[in-house]
Amino acid sequence: MNIKRFFYTSLILIFFSGTSFAQAAQNSSAQVPASKNNFILAEKAKSLGMTFYWDSLSETGMLEKNGHQLTFRNNESIVVLDSMLMKFTDAPSIEQNKVKISQKFLSDAEILFSQNNSTMFKVGAVILDAGHGGKDPGALKTYKINGKNVTIQEKDITLKVAKMLYERMKTSYPDKQIILTRNTDKFLSLSERTDIANKVKVKENEAILFISVHVNSSLNKTSSGYEVWYLSPGYRRTVLDKNAVEENDSNLFEIVNSILEEEYTTESIMIAQYIMDGLQAQIGSESKARGIKAEEWFVVKNANMPSVLIELGFVSNEAEALKLNDEKYLKKATLGIYNGISAFITHFERSKGFTSVK
């Protein structure tokens, strides 16, 4: 999605509503009297054929209907349709642990959903990041294999998997940009990796995915298994171009940026879950599924797009290290990751960009 376009589209809607940008920022954070919100959103959404999703941690909600997504937050009067159209309405509130809304909120949601918005969202690019490289070997351990000392290095494993994944993605998605941050034993700083991703150009209705592949290590030699990380909801990043906002409109900038960032987090959680499911299906009992987790990894938190980091296993565990050194095992892991990414792309494109946590 083109973030500037989102912001300028929102700006046009604000001007059409007769509200100045500064007034809009002030109004959007105003508290809503409880008496105005007479309806429980979960009940009304169901009766109107809408699907309601709520994240209690960020107090962010989504309504989905006919493949369209309406995003909103507690006590803020901005609602965003399909990350493209913004409208001001009565802000929702939380009362007795239930999200409550007014008749105006319902009416405005119905109007937005009824608009003929046929924009088809697509994944335009997938960035495949092989962790470490060159002078940075990453995690490593030496074991005796067939009578010889063999050093198993993270940088070699991640490059093999990233290149195999690249070949599968290029074959299946010739219409998309599939990009490797490195295809040789080359050192790249963390900032260089995210710069590669953030500079990719896609169309206004296209999204970018960032997948970083790594291998784990632990002082505990029995630690084993694979896991997928996404950016912690506790970390907030700037995903909206600050140059698109005048200095005195900073309040509205923060609100809109927060809405978009929450959407990236939701999408990252979905990608992580799909990849975890894919790995479990391919690897089975050969290794332990450690689940999806949240962290503020630099390589993920600086990518302005849905992003995940995959830890394929532990080189510090001899049995698992030998598997990670086996090309057949890595092919299974690669297929699992591929199937996860593919499942997310299918869901994202069929739903016109709508995503939700399972």
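The following paragraphs lead from the whole protein chain to one of its sheets and then to one of its helices. The model shown above is a predicted one, and every value below was computed from it.

Taken as a whole, the protein chain has 358 residues, of which 53% count as buried, and its secondary structure comes to 10 helices and 16 strands. The surface that the protein chain exposes is about 16000 Å², with carbon and sulfur atoms supplying 48% of that area. To see how the chain is folded back on itself, consider the contacts between residues that stand at least 6 apart in sequence: 73% of these contacts join residues at least 24 apart.

From this overview we can turn to a sheet. Three strands make up an open sheet in which the order is 1-8-7 and the pairing is antiparallel. Its edges are formed by strand 1, residues 39-40, and strand 7, residues 93-95, each of which pairs on one side only. Strand 7 is joined to strand 8, which covers residues 98-101, by three bridges in the antiparallel sense. Looking for a particular pair of residues here, the reader can start from isoleucine 94, whose bridge partner in strand 8 is valine 99.

A helix offers another view of how residues are arranged. Helix 6 runs over residues 190-198, and its buried residues are Arg193, Thr194 and Ala197. When one looks down the axis of helix 6, these buried residues fall within an arc of 90 degrees, and therefore they line one face of the helix.

Methods. Residues are numbered from 1 along each chain as its sequence is written. This is a predicted model: local features need pLDDT of at least 70, side-chain atom pairs count only at pLDDT 80 or more; totals for chains, interfaces and linings use all residues. Side-chain values use heavy atoms; hydrogens and water are left out. Helices (H or I, at least four residues) and strands (E, at least two) are DSSP runs, numbered from the N terminus. Buried means under 20% relative accessible area, exposed over 50%, partly exposed in between (1.4 Å probe, protein chains only). Contact means heavy atoms within 4.5 Å. Accessible areas come from the Shrake-Rupley method with a 1.4 Å probe; for residues, only the protein chains shown count as cover. Two strands pair if DSSP finds at least two bridges between them. The arc is that of the directions from the helix axis to the C-beta atoms.
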